[in-house]
Amino acid sequence: MPDNSNMSIRRFLKEVGVSSQRAMEDALRDGETAGRTFEVRMVLTVPELGLNHEVTGAIEGRGAADGAPGRDG
């Protein structure tokens with residue numbers, strides 16, 4: 001059985017994942033993103049523990065297959 005620390009970390013990361021996905025989907029939906037790639041950076045900080053963790057990557061813009069119009073319309 002996981003300890004309380006492990007469970008609280010999992011709850012926090014679940015909230016981060018859900019809320020971050022929603023924010024990115026909203027931003028992609030509201031912008032001109034078809035055919036574009038966007039650099040992404042997520043930073044996790046816990047000042048009291050001296051933790052500064054960064055993850056980088058890329059996400060693709062919305063295209064016609066995603067239900068968004070392409071550049072031509």
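Student: Which residues make the nonpolar surface patch of about 300 Å²?
Tutor: This is a predicted model, where local features need pLDDT of at least 70, side-chain atom pairs need 80 or more, and totals for chains, interfaces and linings use all residues. Numbering starts from 1 along each chain as its sequence is written, and side-chain values use heavy atoms, without hydrogens or water. A patch takes residues with over 30% relative accessible area and no salt bridge, joining like charges within 9 Å or nonpolar side chains (Val, Leu, Ile, Met, Phe, Trp, Tyr) within 5 Å, with areas from Shrake-Rupley, a 1.4 Å probe and only the protein chains shown as cover. Here the patch is made by I9, F12 and L13.

Student: What is the relative accessible area of I9?
Tutor: I9 sits in helix 1, residues 4-30 (helices are DSSP runs of H or I, at least four residues; strands are E, at least two; both numbered from the N terminus). It counts as partly exposed (between buried, under 20%, and exposed, over 50%; 1.4 Å probe, protein chains only), because its relative accessible area is 45%.

Student: How far does helix 1 reach from its first C-alpha to its last?
Tutor: Helix 1 has 27 residues. The expected span is 1.5 Å times one less than the number of residues. Helix 1 comes out close to the expected 39 Å, reaching 39 Å.

Student: Which residue caps the N-terminal end of helix 1?
Tutor: Look for a side-chain oxygen 3.3 Å from the backbone nitrogen of S5. That's a polar contact (N or O atoms within 3.5 Å, one able to donate a hydrogen and the other to accept it within protein; sequence neighbours count only if both atoms are side-chain atoms). The cap is D3.

Student: Which residue in helix 1 meets D26 in a salt bridge?
Tutor: A salt bridge puts a Lys or Arg side-chain nitrogen within 4 Å of an Asp or Glu carboxyl oxygen, and the whole structure has 2. For D26, N to O is 2.3 Å, and the partner is 3 residues apart in helix 1, so about one helical turn separates the pair. D26 is partly exposed at 32%, and its partner is also partly exposed, at 48%. That partner is R29.

Student: Which residue pairs with E54?
Tutor: The closest N and O atoms of this salt bridge are 4.0 Å apart. The pair links distant parts of the chain, 13 residues apart: E54 is in strand 2 (residues 51-60), its partner in strand 1 (residues 37-46). E54 is partly exposed at 44%, whereas the partner is exposed at 58%. The name you want is R41.

Student: Which residue's backbone oxygen lies 2.6 Å from the side chain of S20?
Tutor: S20 is in helix 1. A polar atom of its side chain meets the backbone oxygen of V16.
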